[in-house]
Amino acid sequence: MRWAVLAALAIGLLLLALYPLVATGYGIRFMLQLFMWVALAQSWNLISGLTGYVSFGHVAFFGTGAYAGAILVTTHGWHWGPASLAGGVAAVILALIIGYPCLRLKGPYFAIAMLGLNEVMRVLVSYFEGLTGGGSGLSLPTLHASGQIYYAMGAAALAVTGAAHLLITSRVGLRFMTIREDEIAAEAMGINTERYKLYAFLLSAFVPGVVGGFFARDQGYIEPISVFPLLTTITMIVMVLFGGKGTIWGPVLGAVTLFVFQELVWARFLYLHQIFFGAIIVFVVLLMPRGILGVLQERYRLPRTI
Amino acid sequence: MDDGHLLEIRDLTKHFGGVVAVNRCSLVLAPGKIYGLIGPNGSGKTTLFNCITGLERRDAGEVFFRGERIDGLKPHQVAHRGIGRTFQIIRVFPELTALENLLVVTREPFEVAYRRAQELLRFVTLDLLENEYAGNLSYGQQKLLEFIRVLMRDPELILLDEPAAGVNRTLLNELLAAITRLRDQGKTILIVEHDMKVVMGLCEKLFVLDYGEKIAEGPPGVIQADPRVIEAYFGR
Ligand SMILES: Nc1ncnc2c1ncn2[C@@H]1O[C@H](COP(=O)(O)OP(=O)(O)OP(=O)(O)O)[C@@H](O)[C@H]1O
Ligand SMILES: [Mg+2]
């Protein structure tokens, strides 16, 4: 069984690696966006799925990474690869600065604080025109790199999924979960919840920052509203809730299902798409709070480590 | 400052707004004994536990453990000094399995922790349920799980807040036997319990709280006859 799963994974990865050889330009761009959503959903799951601290401003890390990466590329002539990694570092630094005060807040207060962070970042970016181009945005030098960005996004999605696997199958991940389960009991049992919360938060900020850098390079042009939209955070949340929060493959399942649906069917009917999204939120919250994988795990007594 | 006491509380006071939950309470625990903490509802027993374990910040007074000040420490730091506790209202990790509830609280190498966890699960006859989510266990089973979760960390001092409530007869006897065995291993136990039969049978010494004040202490037999204690329990 284990070998079958590993073999299937290996074949899947191989096919994805070979895909650009036969793909159209549209196909590649479709897939690289899909990878981006997997990476974002998976990152959100690390803080909110595992520790239960629901972040409503996770796109702030994405936007920060996008701007940091884009600025390094345009004004310092960096290659977009290292520039995006630096974007990830910038996101982690932001998480470190706001993590200390914000992670003391409980429940909805943390969610709201994160929402506020995103608004603040967007305003800041608009304000410092000299660095960021302000409201008129930032254009990157023309470069046709979709093929490379495909692999970069894929690597990010793979890396954060691997990290989720390592965490959820280890005691460190269990300690993250005790914060979600009962923070007071966790403390009384000797778990330094403040520290583990911060670890989870920093981990969850890095990949969105990196992916933001890739996104900026892929788009060639960014502006405050394009990299700090609340809708991006909400999409991450819905993907994770739909697939199964706190699981390894739930965010992947949610991201793939919803993105494919969105692109293939609903993008043609703009308003219907939003209604559909709202309906999914209601459906999941009311009927399937543990998401698809959560339901399967409970019904078929599957281990959590899926 | 080490005078052989395991725990010493001096003049501990804790207010909640206008309510004095614990009032200038002092007590001393020697190692290797089972102590009882009794008192009417709302007399401050749980609050005293919370102040010892750092979950509530005391307003005044001091707590010493093995001769060192521990008031002002964070709960996880108190736990690392060697104090473990259970809660009056069950606080297992419901969406972790029984086994994971135990594994997560230690830093021992996995193999060691795993063996220890299995031993403890067998000890309270939960071994067949190790992969069940803790939230799916019965009330009594969850209480036992919380109890052995404390033992996973092998603390010197164990604070039990009404461990017997809701546990059925058979399991209760096993629980009491387990507590005695821990004492025989040299552990110190402070137990809050309303069931007088349990308290009388188990404890060498009782502390009685009333309106947050310690109104009596002594062996169970003496306490039972103490007019102030009788007054506190029946005289209102
Ligand atoms: N968090 C809190 N906020 C306000 N008041 C509190 C709080 N915790 C306890 N109290 C009050 O402090 C007093 C002592 O409560 P405590 O829970 O310590 O009593 P107890 O002896 O454990 O009672 P019981 O036997 O019912 O468990 C009570 O009057 C209670 O209402
Ligand atoms: Mg109580």
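Helices and strands here are DSSP runs, with helices at least four residues long and strands at least two, numbered from the N terminus. With that in hand, a quick tour of this predicted model: one ligand site on chain B, then the place where chain B meets chain A.

**The ligand site**

Start with the shell. Ligand 1 has 14 residues around it, and the closest are G42(B), K45(B), T46(B), T47(B) and Q88(B). Which element gives the largest share of that shell? That would be α1(B), which contributes 3 residues.

Sorted by class, the shell leans on polar residues, with 8 of them, next to 4 nonpolar and 2 charged ones.

Now for the atom-level picture. Three oxygen contacts of ligand 1 are worth having side by side, each with the part of the protein that ligand 1 reaches:

| Residue | Partner on the protein side | Distance to an oxygen atom of ligand 1 |
|---|---|---|
| G44(B) | polar backbone atom | 3.0 Å |
| K45(B) | N or O atom in the side chain | 2.7 Å |
| H194(B) | N or O atom in the side chain | 3.1 Å |

How much of the ligand does the protein cover? On its own, ligand 1 exposes 630 Å², and the protein buries 62% of that. As for secondary structure, β2 (19–29) and α1 (45–52) of chain B are the elements that give two or more residues to the shell. K45(B), then, turns up both among the closest residues and in the table, with its side chain 2.7 Å from a ligand oxygen.

**Where chain B meets chain A**

Moving on to the two chains: 30 residues of chain B are in contact with 23 residues of chain A. Together the chains bury about 2400 Å², and 53% of that area is on carbon and sulfur atoms.

What about the charged pairs? There are 3 salt bridges between chain B and chain A. One of them joins the side chains of E194(A) and K74(B), at 4.0 Å from N to O. Polar contacts between the chains come to 12 residue pairs, counting those with both residues at pLDDT 80 or more.

On chain B's side, the elements that give two or more residues are α2 (75–81), α3 (98–103), α4 (110–123) and α5 (139–152). Of these, α2(B) gives the most, with 4 residues. And which classes make up the side of chain B that touches chain A? Its residues split into 16 nonpolar, 10 charged and 4 polar.

Conventions:
Residues numbered from 1 in each chain as written. Chains lettered and ligands numbered in written order. Predicted model: local features only at pLDDT ≥ 70, side-chain atom pairs only at ≥ 80, totals over all residues. Heavy atoms only, no water. Near = heavy atom within 4 Å. Polar contact = N/O pair within 3.5 Å; in protein donor to acceptor, adjacent residues only side chain to side chain. Areas by Shrake-Rupley, 256 points an atom, 1.4 Å probe, with all protein chains shown as cover. Nonpolar A, V, L, I, M, F, W, Y, C, P; charged D, E, K, R; others polar. Contact = heavy atoms within 4.5 Å. Buried area = accessible area lost by both parts, 1.4 Å probe.
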